[in-house]
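Biologist: Could you pick one part of this model and take me through it slowly? I'm in my first year, so plain words please, and then show me how that part fits in with everything else.

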Amino acid sequence: MSDERRRILDLLGCGKISAEEAEQLLDALAGESAQGASQEALATTAAEAKPKARYLRILVDDGEGEKKEHVDIRVPFELLLAGIKLSALIPKKAQDKLSASLSSKGINLNLGDLTGTAEELIESFRNLAINVDEEKTKVRIFCE
Amino acid sequence: MICPPMLLRLRISHEGRRRWGCWLPLLLLWPFALALMLLFLPLALLASVFAGRWRKPLLLGGPMLLAAIWSTRGLVINVRGPDREVHVSLC
């Protein structure tokens, strides 16, 4: 039993509201919960119907006027996944050296861990959106 | 199933020069790649017996590399500077 429902019944039990008022309140509560459930179902359906992002898009605009530079890269997620899986073939010693080198630069990344969670990592990328706006530089990273 | 890239489109343009571009039919390469893989498969299997710690890269390297190349379908790289533009796309 929900809290609201219990509270209405308590009020009825205490005699603070009449049976008709309690009925009206319970009806209203039932209508609200049905509406909430249908909205939730609609949101779930919309999320399922939304096409899955297949590409990671990187847009960089640098400079102004005639010296403007523009970079537009579209990378398929399949390629990222294949790249991560391919990195599993790097020998353990080389992986350790790479991790040590990266951690000396403040990046804690272990290729062994990365390959184990490659699919989860790519899935989390599918909702990625990064916008960087500086005076002359604009960077956009998103999925499409 | 991943579909391999069929065409490579390359376009390079310099300011003041004629734009250069080409379409490379990659679909013609895949039968050769497959034939090469089949040719090297017995060698890779034989080598892997004596390879020790290189066994895994020897056996899986070829197919995984090929899978990575096949996954490039849809890749687009476009770089435009003040006086030149380079466009590479795989479709």
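Modeller: Happy to! One term before we start: two strands count as paired if DSSP finds at least two bridges between them. Also keep in mind that what you see is a predicted model.

Let's zoom in on β3(A). This strand and β4(A), residues 137-143 of chain A, pair in the antiparallel sense, and 5 bridges hold the pairing together on paper. How do you get from one strand to the other? A hairpin of 3 residues joins β3(A) to β4(A). If you want a spot to look at, find A:I130, which sits opposite A:I141 in β4(A). Is β3(A) tucked away or in the open? None of its 5 residues is buried (the count is 0), so β3(A) lies largely in the open.

Now zoom out to the sheet. It is an open sheet of 8 strands, and both chains contribute: the order runs β3(A)-β4(A)-β1(A)-β2(A)-β3(B)-β4(B)-β1(B)-β2(B), with antiparallel pairing. Our strand β3(A), residues 129-133, is an edge strand, and so is β2(B), residues 20-25; each of them pairs on one side only. Going from one strand to the next, the twist averages 5 degrees. A helix also packs on this sheet: α3(A), residues 77-87, touches β1(A) (55-62) and β2(A) (69-76), and its direction makes about 70 degrees with that of β2(A).

Have a look at the other edge too. There, β2(B) pairs with β1(B), residues 7-14, in the antiparallel sense over 6 bridges. Within that pair, B:L8 stands opposite B:L24.

In the strand order, β2(A) sits next to β3(B), and that brings us to the place where the chains touch. Chain A puts 21 residues into the contact, and chain B puts in 22. On the chain A side, β2 and α3 each supply at least two residues. The biggest giver there is β2(A), with 8 residues.

Let's follow one residue across. B:M64 belongs to helix α2 of chain B. Is B:M64 buried or exposed? Somewhere in between: B:M64 has 18 other C-beta atoms within 10 Å, while buried would take 20 or more and exposed 12 or fewer, so B:M64 counts as partly exposed. Setting aside its neighbours within four places in sequence, B:M64 is in contact with A:K85, A:L86 and A:L89.

The helix that holds B:M64 has a partner in its own chain. Helix α2(B), residues 55-70, packs against α1(B), residues 29-50, at an angle of about 170 degrees, and the two axes are 9 Å apart. Over 145 degrees counts as roughly antiparallel, which is why α1(B) and α2(B) get that label. Where do they meet? On α1(B), among the residues involved are B:M37, B:F40 and B:A44, and on α2(B) they include B:L58, B:L59 and B:L66.

Time for the wide view. Chain A has 6 helices and 4 strands, and along the sequence its pattern is α-α-β-β-α-α-α-α-β-β. Chain B has 2 helices and 4 strands, in the pattern β-β-α-α-β-β. Buried residues make up 5% of the 144 residues in chain A and 3% of the 91 residues in chain B. If you take the contacts with a separation of 6 or more, residues 24 or more positions apart account for 47% of them in chain A and 43% in chain B.

Another piece of chain A in the open is helix α1(A), residues 3-14. Just 1 of its 12 residues is buried, so α1(A) lies largely in the open. From first C-alpha to last, α1(A) reaches 16 Å, close to the 16 Å expected at 1.5 Å a residue. After α1(A) comes A:G15, with a positive phi near 80 degrees.

Last, how far can you trust the picture? Chain A averages a pLDDT of 81, and 88% of its residues score at least 70. Within chain A, confidence is highest in β2(A), at 94, and lowest in helix α2(A), residues 19-49, at a mean of 71. Where pLDDT is low, the predicted coordinates should not be read in detail.

Note on methods:
Residues are numbered from 1 along each chain as its sequence is written. Chains are lettered from A and ligands numbered from 1 in the order in which they are written. This is a predicted model: local features need pLDDT of at least 70, side-chain atom pairs count only at pLDDT 80 or more; totals for chains, interfaces and linings use all residues. Axes are lines fitted to C-alpha atoms, for helices over the stretch in contact, and angles run from 0 to 180 degrees between N-to-C directions. Two residues are in contact if their C-beta atoms, placed from the backbone, lie within 7 Å. The expected span of a helix is 1.5 Å times one less than its number of residues. pLDDT is the predictor's confidence in each residue, from 0 to 100. Angles under 35 degrees count as roughly parallel, over 145 as roughly antiparallel, 65 to 115 as roughly perpendicular and the rest as oblique.
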